[in-house]
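Biologist: Could you take me through one part of this model up close, the place where the chains meet? I'd like to hear what each side brings to it and how the copies are arranged.

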Protein chains: 2
Amino acid sequence: MQTTRNWSRLLPSLPILQWGRAYKRETLLGDGVAALIVTIMLIPQSLAYAMLAGLPAEVGLYASVAPLLLYSVLGSSRVLAVGPVAVVSLMTAAAIGQHAVPGTAQYWAVAITLAFLSGVLLLAMGLLRLGFLANFLSHPVISGFISASGMLIAASQLKTLLGVRADGQNVVELGVSLLSQLGQVHGLTLLIGAATVAFLFWVRSGLKPLLQRFGLRPRAADVLAKTGPVAAIAVTTLLTWALDWQARGVKIVGAVPQGLPPFTLPLWDLGLWQQLLLPALLISVVGFVESVSVGQTLAAKRRQRIEPDQELVALGASNLSAAFSGGFPVTGGFARSVVNFDAGAQTPAAGVFTAVGILLASLFLTPALFYLPQATLAATIVVAVLSLVDFSILRKTWHYARSDFVAVLATLAATLAVGVEMGLIVGVGLSLALYLYRTSRPHMAEVGLVAGTEHFRNVLRHTVLVSPQVLGLRVDESLYFANSRALEDRINSEVAKRPGLAHVVLLCSAINDIDASALESLEAIDQRLRDAGLRLHLSEVKGPVMDRLKATEFIRELSGRVFLTHYQAITELAPELA
Amino acid sequence: MQTTRNWSRLLPSLPILQWGRAYKRETLLGDGVAALIVTIMLIPQSLAYAMLAGLPAEVGLYASVAPLLLYSVLGSSRVLAVGPVAVVSLMTAAAIGQHAVPGTAQYWAVAITLAFLSGVLLLAMGLLRLGFLANFLSHPVISGFISASGMLIAASQLKTLLGVRADGQNVVELGVSLLSQLGQVHGLTLLIGAATVAFLFWVRSGLKPLLQRFGLRPRAADVLAKTGPVAAIAVTTLLTWALDWQARGVKIVGAVPQGLPPFTLPLWDLGLWQQLLLPALLISVVGFVESVSVGQTLAAKRRQRIEPDQELVALGASNLSAAFSGGFPVTGGFARSVVNFDAGAQTPAAGVFTAVGILLASLFLTPALFYLPQATLAATIVVAVLSLVDFSILRKTWHYARSDFVAVLATLAATLAVGVEMGLIVGVGLSLALYLYRTSRPHMAEVGLVAGTEHFRNVLRHTVLVSPQVLGLRVDESLYFANSRALEDRINSEVAKRPGLAHVVLLCSAINDIDASALESLEAIDQRLRDAGLRLHLSEVKGPVMDRLKATEFIRELSGRVFLTHYQAITELAPELA
């Protein structure tokens, strides 16, 4: 806990002032090369994730310019690349789908409003230093949620790969919708999609070893393999144009407006804001968690660190800028940030260069995208998100901690069966409830003396010496309102079944805190023991806990004593054991 | 945690089979005397609390017969007296007020339905062994809630004491309503009420010393003083009859039907049940908590114990019986149980005798209540509940634990300003949130060696030896998802600011549990430290924690080692300190 607070830290700081002033020519080359590679990778991703969110392809490009610039100025990570990402795009589609029809101007306007609200929330959380809220999303819940989202995204792209129309917020709705359309599958579209999927999987698994055999270093081969989607886009676009596949019913991206990102404003509709608030909050938290974990992993590799509250401010500003430049909710992406890092980016200047690259693409490249088949984009999405699906967390938590397993399973099931928002809410709620349940039933052990030593161990696990007049009880949890009654119960039942008992000694070495409820419970225990002719003692109370207890009536009126060590307590109360 | 489960324990047990079989003539006298005194005390209380709940006076008597019998058969406390109590009656009035008008048959029917639902919930919680849920009501929240409820009850009785009409769910509504009626205050009613209040306060503070001076033992004086309300009722009823105060506008109880409690059924209306579910749950939990804490306190005085899950079953059955015999929600009352105990009750047979006493009263005594002024009953309520109001918890928690203080204050404020239900919900929600917040920011201390010993202490509190290559960090909290990122942050920042660091040793003596999220965090920390050329070590890991860690990849692939003691770790990694 901080006791003093530096008020200047409440204002957003400007990391650019640190790295910008010290900018050297040597880092220019690294930043430039990284920016080029990330730009090439980001173009198909931006288009695809816009499509996933139900938005026109160019909106993906718009969402990759201003946010990248703003993050470069405000972000505390040196290499994070901000823009549309898969899970946030899926959540965006789920949130907007309740308020507008995909493809309409209203739909885009709601997306802009969602980015605006998400930006405001992130910024507010950053200024109020509420970054810790993201900690309440446990790793297993995130894993379950990301895996289920990956499956949902893949399922949602099946319609485009099959050339049919289908819709739904969860696997059940999507499955029913797809099954009813199976008769209408478009053969050529399926061929393009399947070929692209196969090619992209080969690029991941087969191309890299091949490039290495041709003498490329592993990292360079890795980076080059990331440009696979661009090759797929170029080839399928050319084929569609040359063979006039559009005439044969293959859906294409079509006319993408050429030009700068437009200046846009969110809808000023309080009723809509109210309805978008929860989705915006969930999008913000998920985006923040994803972004921070990528940023932390990469920063640690160079012994740098990122500042979570500063990240909230930077992501908030990025989303606000997305809202004012025709974009939709964005965050730091995993794959592109790793590529940026591996390609040698040294400073956020790489982000600025990438933004310029995307800007040039949206100015000059869009006519070339006219014949791009939608199935190609769907294939790049499917291949990208299937790498998110990882069920090893189920096996891992099953073996390690059953309550975590339950939380993962519930998150997975609720996300797949109901949708992304319910999945997150169920996951967070259940993991908190399970944690509270666990701490409300603390492990308590009767301890006895290991003969010939001053050590005390659980009587159920070891052969130890105990006295019929003295009960030594160790509580392995901080005492607070939810578990203090468990201690009362345990002591009541021990006293009720041991007629000869005269002393109860609580061994407090594992108690890090005692709240006011637990203090009252201890008073009640002491009072009841006194009424029954017994005495309550404490041993090995921690310094900070003792500091607070000292000022209380409980310690002044305790029927027994406070012993520095449990051994002292036992030698005094049951000298026959020592 | 129980590892085996005795299936027969899932069925409700019958404590009456234990005490009933062993029943002896000697206990008959004690039980009989206690029953007589409790009956005399319970009659005015039952009438008053029925009035507080907005119900006809006789309903209070009905609610004190069958529930007492059922509790005698099923309850695990030997001396608990079950019936209408103040706080539950207030909550009942608040819950029913939204669905019916006091004084109507519908209102009574909703009260019966509420008792039914509350009984079902308690019974279900008992059979499912969910008694632990009550632990999530912290002592400070209960204190704040009970004090605020006492004030609300007293405020709600002012209208009867003043002889005006006023209504409201919280002090704001009640205050506004009363102020608008101040012109209509009925002088004689106010006189009766004020005189009764003054008399009852004198009985509490003045009569007891007087009786003792006349040679009564303190406990007998205490018990006799509890019959004060009966004297007040007798005197004011006689005066009202003799002086015909009814004609002068004093409101009286009027005709109370003579006879056995009627057989009634709850309303079978699913819509109503849905709306009553939350209030029924809150009433159940509050009633259970009040009942169990009284029962535990009294049982401990005789080295007996009560079984919380059995109490749920018994209170559930009591409430169900109240629903089928024209009553309303009941629970174990504090004052009457203490009187029962002090008057010498030995077994639940005292409860059976009390039930018979109340039954006789409802058969023969009700005509005598015709001229009883309502203001007398209001006065007995006000005096009874003002003893519930106790703000010492505010001072106590302010000094002891600021987060508990915040929870009390919020509960008090929400109960007074909004109502009983919102007060409880705010209190429980806030105390859980504050607990989670606290555990999400664990105390972490860099530790150093106390020269000449093998002990390690916080470097900020003590003069200790440290090495620039080794960081020893003690975490004073179990590691779980909400605080594992705090550990990551701390280690990241320590590593970033110490260029010479080569080893991080986590001193784990206060870590009682590591969940799957925290395990992943430790893996991430280890990976990042390894990437930066450092090693992570653990020391003093507890047995149960080590048991689980042993099977994980984390321990097998840990960059450093696991040391039994922190001293071993330091002598090995920084031999210059030893």
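Modeller: Here is a walk through the interface, with a short look at a sheet in chain B at the end. Keep in mind that this is a predicted model.

Let's start with the contact itself: 52 residues of chain A touch 52 residues of chain B. On the chain A side, the elements that put in two or more residues are α7 (139–162), α12 (270–301), α17 (392–400), α19 (420–440), α20 (481–497), α21 (516–531) and α22 (543–550). The top contributor there is α20(A), with nine residues. Sort that side of chain A by class and you get 21 nonpolar, 16 polar and 15 charged residues.

Now for how the copies sit. Chain A lands on chain B after a rotation of 180° with 0.0 Å of shift along the axis, and the RMSD is 0.0 Å. The two copies are therefore related as by a two-fold rotation axis. If you want a landmark, look at A:Ala510: of the residues of chain A, its C-alpha comes closest to that axis, at 2.7 Å. The match carries over to the surfaces too: 100% of the interface residues of chain A are also interface residues in chain B, so the copies meet through the same surface.

While you have chain B on screen, have a look at its open sheet of six strands, ordered β4-β3-β5-β6-β7-β8 with mixed pairing. Its edges are β4 (456–458) and β8 (562–563) of chain B, each pairing on one side only. At the β8(B) end, two bridges tie that strand to β7 (535–539) of chain B, and the two run parallel. There you'll find B:Ser539 opposite B:Phe563 of β8(B).

Methods
Residues are numbered from 1 along each chain as its sequence is written. Chains are lettered from A and ligands numbered from 1 in the order in which they are written. This is a predicted model: local features need pLDDT of at least 70, side-chain atom pairs count only at pLDDT 80 or more; totals for chains, interfaces and linings use all residues. Two residues are in contact if their C-beta atoms, placed from the backbone, lie within 7 Å. Helices (H or I, at least four residues) and strands (E, at least two) are DSSP runs, numbered from the N terminus. Ala, Val, Leu, Ile, Met, Phe, Trp, Tyr, Cys and Pro count as nonpolar, Asp, Glu, Lys and Arg as charged, and the others, Gly among them, as polar. Copies are superposed by least squares on the C-alpha atoms of residues with pLDDT of at least 70 in both. Two strands pair if DSSP finds at least two bridges between them.
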